[in-house]
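Here are a few exercises to work through with the structure open beside you. Try each task before you read its solution.

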Amino acid sequence: MKITFIGGGNMAGAMIGGLVRQGFPADQLHVVDPELIKREQLVTQYKVTASAPEDDLPVSDVVIFAVKPQQLRQVAQAALPRLGNALVVSIAAGVRAETISRWLGGYSRIVRVMPNTPALVQAGISGVYATAGVSSEDRAATETILTSIGKVVWLKEESEMDGITAISGSGPAYVFYFIESLQAAARAQGFAPEVARELAYETVAGAMKLAAQSEDDVATLRVKVTSKGGTTERAINAMENSQVRATIIAATQAAAARSRELGDELGRDSEL
């Protein structure tokens, strides 16, 4: 299977690195990027091949659009004459499969993916939607690529991609925000910055490891830590009184709404 990445940014690099570490042949991976330094870095690090956008696109089984949403229309239209019969995989946030299909003159073998940044350390989770023209073999190829950077969730409806964007796509930022706040809380208790950082990082990492390995759900684990009349109960009550849970839910709803808006905006652009 020959895979070409159009765009050599962080996410493409994560996928390439993950595939190579899993034993995928590096000579079957190709990168197209306008920046010479990115091409050279990927060639040096992973022994893949690379070319500039003006060069001929190699014959590929899978072409992955790994560019910013605002760049995708131009990139897709430039690739169309050289696309052949490749499976098209897009990781451009917000751009719907129907929009990509229009840009590609009605092309039907399209998979849309929303990964997240933990993919950079092979700990991501990707929401994936496939159009009707995608075969079982195409799905298997997609799984091979995406499991190199983490776990995969297949979606039945493309509209679910907005929820994926709001929960797992944007989710790492919410977690970082909490860690940042926990560090600030430790500083407010008088701890030095390096100690505050270690306390916050290790607490979150340890809690996540416990949750992942425990047979209890997170609500039960929380209750087990929350002694009646104790310090944790006081803290949880303060969060409940401040409607922290409701705020988090509202925040994800806002993110999903913005994802829908972006899809509408980019979809209108496709008809210009």
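**Exercise 1.** In which loop does Gln122 lie? Work out what its backbone and exposure look like, too.

*Solution.* Some ground rules come before the steps. This is a predicted model, where local features need pLDDT of at least 70 and side-chain atom pairs count only at pLDDT 80 or more, while totals for chains, interfaces and linings use all residues. Residues are numbered from 1 along each chain as its sequence is written, and side-chain values use heavy atoms, with hydrogens and water left out.

Step 1: Gln122 sits in the loop between strand 6 (110–114) and strand 7. Helices (H or I, at least four residues) and strands (E, at least two) are DSSP runs, numbered from the N terminus.

Step 2: the phi of Gln122 is positive, near 55°, and this residue is not a glycine. Most residues other than glycine have a negative phi.

Step 3: Gln122 has 30% relative accessibility, so it counts as partly exposed. Buried means under 20% relative accessible area, exposed over 50%, and partly exposed in between (1.4 Å probe, protein chains only).

**Exercise 2.** Find the partner of strand 7 and describe the unit they belong to.

*Solution.* Step 1: strand 7 (residues 124–130) pairs with strand 8 (residues 150–154) in the parallel sense, over five bridges. Two strands pair if DSSP finds at least two bridges between them.

Step 2: pick out one bridge, where Gly127 is partnered by Val153 in strand 8.

Step 3: add helix 5 (residues 136–146), and strand 7, this helix and strand 8 make a right-handed β-α-β unit. Right-handed means that, with the strands pointing away from the viewer, the path from the first strand over the helix to the second runs clockwise.

**Exercise 3.** Sort out the two sides of helix 2, then see what follows the helix.

*Solution.* Step 1: in helix 2 (residues 36–46), the buried residues are Arg39, Leu42 and Tyr46. They lie on the same side of helix 2 because they cover an arc of only 75° around the axis, taken from the directions from the helix axis to the C-beta atoms.

Step 2: these buried residues pack against helix 1 (10–21), strand 2 (29–32) and strand 3 (49–51), with contact meaning heavy atoms within 4.5 Å.

Step 3: on the face turned away from the buried side, you'll find the exposed residues Ile37, Thr44 and Gln45.

Step 4: after helix 2 comes Lys47, with a positive phi near 65°. Lys47 belongs to the loop between helix 2 and strand 3, and its 59% relative accessibility makes it exposed.
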